[in-house]
Each structure stands twice: as structure tokens, then as C-alpha cells.
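Trainee: Could you take me through this one? I have the sequence and the model open.

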Amino acid sequence: MDARALAALAANPGCRRRALLDGAGIDKGALARALGSPASFGQSQFAIQRGHSFEARVTADRGEALVRLLHERLRDGSPAPAPGGVDAPDLTAAGPQGRTARTALALREATAAGRWALLDHPMVSLDVAGSPAFLEPDAIVVHPDGSWSVVEIKSFPMVDGSADPAKVGAAARQSAVYALALEQVAARVGELKPDGEPGPDGGGAARTARVRHQVLLVCPKDFSNLPTAELVDVRKQLSVTRRQLTRLTRIEDIAAALPEGTTFDLRLADDGRTATRPVDELTDAVDAVDAAYAPECLAACELAVHCRARSRGAGAVESLGRGVRGELGGLTTVEAVLAAALETDAGPTGDPAVDALRRAAALRAEALAAPGAAVCR
């Protein structure tokens, strides 16, 4: 799981299907294509290459320009980074576990040093439903006071200090996942003296590792390739993500409830791309895991088109949106909603949803019966 997947999962914690498939490392895009419902979203190769090029430019000077950009936006009285005054520790290690341990050590050393430091593509871990997720932020800046800032670099433009609210919101949710994982590292690092030894006394003032709730969002300025940045407060997203991730059912429990022998293997042909497994068999395997479809899934999950078709086929009111589902109370299908609305001769039921539907149906019938009423079909 990456931060993007975790942010989407936190926004829809009731979807066991996504939790299991992401936890198992299933390629949902390939799975959707094999089911005949390919994803309708994603970045083009040009956009991906442009993003990599922009990120390389932002961090080209060992992160000194990026740290100066952060300092300018903070205006918190901290000392400005001097030329050559930004440490850039080597984070090379073997495997995700090794990189995670090396990142934690670099954060500890940088916090104790009391200098600006930039960790380029570090790795942190977060336990999600009993399964470890290894996450790779774009960068983490360590401040001289021992605090840490998440840096998120995006390729969408920032025009006159403003960007697409939907994209900024997605970046904030993604950054909140990084901040949540960093909080666990900060709790282990705790309080450090300047020489790196733990303890509150002796050797100068101790520094307490902590994660700032404002992340630095770096984007191209006015459609150019020059970087600009703004601080984004992610306290709300952090609170929601923390609460939602704790509600997830453990992946082992989801897997234990599946029929014996359930597999999502596509049985790829020799070309490594063509799925040879029968569609009906694959569909049964996917449908064995409960999903919680909502229209918002179309912008965040590769299987959303398939789940939407199944939801509509079952007449589930969830396909109309969470707001509609909440208003309808115990009415869970479109058929039940229509049946309740058309019983106009019955008296009040005491169910607010049913009574509201009947009033709406009566008003509609009255409006259509009026002389000159126009009917839209």
C-alpha cells in the first residue's frame, strides 16, 4: 500500500474489497481490465515524466532551495539556512525494512544535530489492518528546533498562490498519511540532547522530535517549471485518517471469511499482460469480498467501474451517493424506495424517510396534474 491508496482507504474504511486487494498487492488496474471494466482515470506518461522532471529540479541542490522556500513560508523566527548549511543524509539501505530503519536513524541524528536537514525520498512504515505499509514521502525537512515537516511535490500548477482545490485536498490527505507514520517515529525518537544521547538534562538544551501539522506543498508556478509553495494545514485530514484506519478490519480476518481456494490470479499468458482466466470465475472471486461502493470511488479506485455496475445491478441506493443513502434510513434498494414512495394512499408510518418520499410523490403527482404542466423525461 502507498499513501495514495491509504488515503483512499481511510476515506472509505468499510470497503473490505479494497483493503484486501491492496494488502495483498493485487494490481487492481490489471484486474479491472480482465473483468472488462477498465479504470477511467490515471496519469499519462507525459504527466508522470513532467512530474519527475519537476521534482528533480526542486531537489537538485541537495534541497537547499527547498528548505529556503519552507523557511520563507514559515516566518516563525527560525534561523535561515546558510549556504551549505543543509544536511542531506544518505538513506541507502537494502529492502524496505532496511530503508525504514535507516530513515529513523537519520531523523534521530538530524534532530540531535540541531541543523537544517533534508531527507530525500525517505521511507516510513505504518501498520494498517495488521499489515505493514511502507510509505515514501517526497521529502522530510528537519528543523533546527527538532521538528519535522512533510514536503509534498506535485506537478499541477499553482496560479497566483492558488491551485485546484480537489487536487490540493488529495495532496493533503496523502500528506496526512505520511505525518501519521512520522508521528510513530517521533514517539520512538523522543527527546534528545545535542550530542544525540537521550535525556532531558546535561549537554545543552534537549530537543523533542515532533511532526508539524503544516505540510509544504510545492508546485510549478504559473504553468512554468519554477517551484513555488504554500503551507497546508492537515490537522483535520490527520484526525480523520487516524480514526478511520483504526476502524479497518484486519486483513487476516477478511481473508479468513473467503471461500476456500479463492484467488485473484489472472493466469497471464506468455506475454505477461494478457489474462487467460475466465471472466466469470474471476468475477466470482472478486464478488466474494464485500465492497462499499460510493460515487467518490471513481476518482480513487481502479475497480470503481466494476463495483458501480454491480451496485447498480443490485439496485443499491449507495450508487446514488452517501448523502442519499443517509437520508433513506432503512431503505437499502431503489426498488424499496419506489415502492414506499408510490404507496400514497397509506397514512403516516412514523418513518421520516418513507413519509418524506410519499409527500414528494404526492407533490409530484399534483404538479403533473396541473393544466399546462411540462413533463421532462
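Mentor: Let us begin with a pair of strands: strand 6 and strand 10 (residues 214-220) run parallel and are joined by three bridges. Helices and strands here are DSSP runs numbered from the N terminus, a helix (H or I) having at least four residues and a strand (E) at least two. Two strands pair if DSSP finds at least two bridges between them. Please note that this is a predicted model, in which local features need pLDDT of at least 70 and side-chain atom pairs count only at pLDDT 80 or more, while totals for chains, interfaces and linings use all residues. Residues are numbered from 1 along each chain as its sequence is written, and side-chain values use heavy atoms, with hydrogens and water left out.

Trainee: Which residue in strand 10 is the bridge partner of Ile153?

Mentor: The partner is Val218. Strand 6 also pairs with strand 9 (residues 210-211), in the parallel sense and over two bridges. There, Trp148 has Val211 as its bridge partner.

Trainee: And how many bridges join strand 5 to strand 6?

Mentor: Four, with strand 5 (residues 139-142) running antiparallel to strand 6. Val141 stands opposite Ser149 of strand 6. The two strands form a hairpin with four residues between them, and Gly146 in that turn has a positive phi of about 95°.

Trainee: Is strand 6 mostly covered or uncovered?

Mentor: Strand 6 (residues 147-153) is mostly covered, with seven of its seven residues buried; buried means under 20% relative accessible area, exposed over 50%, and partly exposed in between, with a 1.4 Å probe and protein chains only. Side chains in a regular strand alternate between the two faces of the sheet. In strand 6, Ser147, Ser149, Val151 and Ile153 point one way, Trp148, Val150 and Glu152 point the other way, and all are buried.

Trainee: What about strand 4: which residues make its covered face?

Mentor: Ser131, Ala133 and Leu135 do, while Pro132 and Phe134 make the uncovered face of strand 4 (residues 131-135). Strand 3 (residues 124-128) pairs with strand 4 in the antiparallel sense over five bridges, and Ser125 stands opposite Phe134. This is a hairpin as well, with two residues between the strands and a positive phi of about 55° at Ala129 in the turn.

Trainee: Moving to the interior, how many residues does the largest nonpolar core have?

Mentor: It has 71 residues, and those with the most contacts inside it are Leu126, Val128, Leu135 and Trp148. Helix 7 (residues 165-189) supplies the largest share of this core, 12 residues. A nonpolar core is a set of buried Ala, Val, Leu, Ile, Met, Phe, Trp, Tyr and Cys residues joined through side-chain atoms within 4.5 Å. Another core, of 17 residues, lies apart from it, with Val58, Leu66, Val86 and Ala139 among them.

Trainee: Which residues is Leu126 in contact with, leaving aside neighbours within four places in sequence?

Mentor: With contact meaning heavy atoms within 4.5 Å, Leu126 meets Leu6, Ser131, Pro132, Ala133, Leu135, Val177, Leu180, Ala181, Gln184 and Leu245.

Trainee: Is Thr103 buried or exposed?

Mentor: Thr103 counts as buried because its relative accessibility is 1%. It belongs to helix 6 (residues 95-113). Again leaving aside neighbours within four places, Thr103 is in contact with Leu91, Leu119, Pro122, Met123 and Val124.

Trainee: Now the outside. Which residues make the nonpolar surface patch of about 450 Å²?

Mentor: Leu320, Val324, Val334, Leu338 and Leu342 make that patch, and helix 13 (residues 334-342) gives the most to it, with three residues. Patches are made of residues with over 30% relative accessible area and no salt bridge, like charges being joined within 9 Å and nonpolar side chains (Val, Leu, Ile, Met, Phe, Trp, Tyr) within 5 Å. A salt bridge is a side-chain nitrogen of Lys or Arg within 4 Å of a carboxyl oxygen of Asp or Glu. Val324, in helix 12 (residues 322-327), is partly exposed, with a relative accessible area of 32%.

Trainee: And overall, how many helices and strands does the protein have?

Mentor: The protein has 14 helices and 11 strands. Buried residues make up 42% of its 377 residues.

Conventions:
Areas by Shrake-Rupley, 256 points an atom, 1.4 Å probe, with all protein chains shown as cover.
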